[in-house]
Amino acid sequence: MLNLHMVSEEFAEDPQYREAPFFRDSTLNQAVIIKHRFRSDEAYLVPSGGAVGTKIVFPLDRSDLRVGGQFIFINETGYKDSLMNVVGVRGEDLEHDLETLRLLNTIPSLDPFLVREQLRRHNRTPADCYFSISPADTARMLTFTEVEMFPLIKLAYGDGGSDLNPELVGRLANALLSTNADSRLEPLRLTLGLEGIQFRDGIFSWKGFIFYKWQFSESMVALSKIGPEMDTIKIKGRPDRVSKELANDLKKSIRENIRATALNCSRVLALYDDAFRDLVHRGHTAAFRKFLLDAPLLFVELGHMMGMVSHIVSYWAYRFRVAEKGGIHIEEYLDILREFSVGLSPRRH
């Protein structure tokens, strides 16, 4: 989820927020944008879309988001006209915002890192306040990337068996994570034998895979704990037998799908790991080059899985934090279990 409404509330007086908005239209710049996984009875909403769509929500009451709001799916029938009926922008500003929405629609999740990189590579630089990446997460990911990139940096920059300067490794890892491909990555471009847009798209996909590999390592431990924790949730009142049986069936489905999701994520990441090892240990640039050219489709598949995993882990931690002692009504608990079960189910292409 990309909560522009929350950003507008928190950073309204920030000069950068005013000078570098996410969207040019003020109404759109306070919307909530969500990646929505379509259920079987929702496929008609975006006839030309896939299993996941991008929903733009305009809150009815900005002081109370629980009231709900009007929503529009990107590329739904009459999408542009519907958007124009809500926002006040026209002409060049409208086209600018439509292109930004298109860019958001083409990435598999709205993780701040991916959104920022997707926009940067298309010369769009909203203020940093839109990307809630904590310093701790940034530092952990940079360390992860340094370790991940070291063999390739040694291949491209190393001099025989000599040791690499750790500062060089850090600078290149930071360059890969925070900027577009530039002269500092030129030796890597030559190593991979890619040109122009192929190299830029390849670097973006590589960033995405490194990000998801880091996220996978961070999230899977938390996800694996949810299975056992589902049985410890305190239910308010005395649920009837039908509700109990439904809850048990849903929990069984979720546990099975957690295992399947972990295996599927591991399978896609293994394609990257195998190609990367082939490059750095055997010097086979063709394998990694082919991987990067094929990466966009794999990137989308991995992104949909990791997006749902991230949502489940963060929502579970928020809703059932240790301090929560009051319990939960069975109806709400079943709704949560249904959403998790559907979200983790295999996607239909």
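**Exercise 1.** Is cysteine 129 buried or exposed, at a relative accessible area of 15%?

*Solution.* Start with the cut-offs: buried means under 20% relative accessible area, exposed means over 50%, and partly exposed is in between, using a 1.4 Å probe and protein chains only. With 15%, cysteine 129 is therefore buried. Cysteine 265 is buried as well, with a relative accessible area of 0%.

Before going on, please note that this is a predicted model: local features need pLDDT of at least 70, side-chain atom pairs count only at pLDDT 80 or more, and totals for chains, interfaces and linings use all residues. Residues are numbered from 1 along each chain as its sequence is written, and side-chain values use heavy atoms, with hydrogens and water left out.

**Exercise 2.** How many disulfides does a search of the whole structure find?

*Solution.* First, recall that a disulfide is a covalent bond between the sulfur atoms of two cysteines. The search looks for a pair of cysteine sulfur atoms within 2.5 Å. Across the whole structure, the result is zero.

**Exercise 3.** Where do asparagine 75 and asparagine 123 lie, and what is the sign of phi in each?

*Solution.* Helices (H or I, at least four residues) and strands (E, at least two) are DSSP runs, numbered from the N terminus. Asparagine 75 sits in the loop between strand 4 (69–73) and helix 3 (79–86). The loop that holds asparagine 123 runs between helix 5 (112–120) and helix 6 (135–157). Now for phi: most residues other than glycine have a negative value. Asparagine 75, however, has a positive phi near 75°, and asparagine 123 has a positive phi near 60°. As for exposure, asparagine 75 is partly exposed at 40%, whereas asparagine 123 is exposed at 70%.

**Exercise 4.** Follow helix 10 (residues 241–282) from its start to just after its end.

*Solution.* At the start, a side-chain oxygen of aspartate 240 reaches to within 3.2 Å of the backbone nitrogen of valine 242. Helix 10 then runs for 42 residues and spans 60 Å from its first C-alpha to its last, close to the expected 62 Å; that expected span is 1.5 Å times one less than the number of residues. Just after helix 10, glycine 283 takes a positive phi of about 75°.

**Exercise 5.** How are helix 9 and helix 10 oriented to each other?

*Solution.* Two packed helices are described by the angle between their axes and the distance between the axes. Axes are lines fitted to C-alpha atoms, for helices over the stretch in contact, and angles run from 0 to 180 degrees between N-to-C directions. Helix 9 (residues 196–229) packs against helix 10 at an angle of about 155°, with the axes 11 Å apart. Angles under 35 degrees count as roughly parallel, over 145 as roughly antiparallel, 65 to 115 as roughly perpendicular and the rest as oblique. Helix 9 and helix 10 are therefore roughly antiparallel.

**Exercise 6.** Which residue's side chain does tryptophan 316 join through a polar contact?

*Solution.* Tryptophan 316 is in helix 11 (residues 285–319) and is buried at 4%. A polar contact is a pair of N or O atoms within 3.5 Å; within protein, one must be able to donate a hydrogen and the other to accept it, and residues adjacent in sequence count only if both atoms are side-chain atoms. The partner is glutamate 229, at 2.8 Å. Methionine 230 is 86 residues from tryptophan 316 along the chain, with 9.8 Å between their C-alpha atoms.
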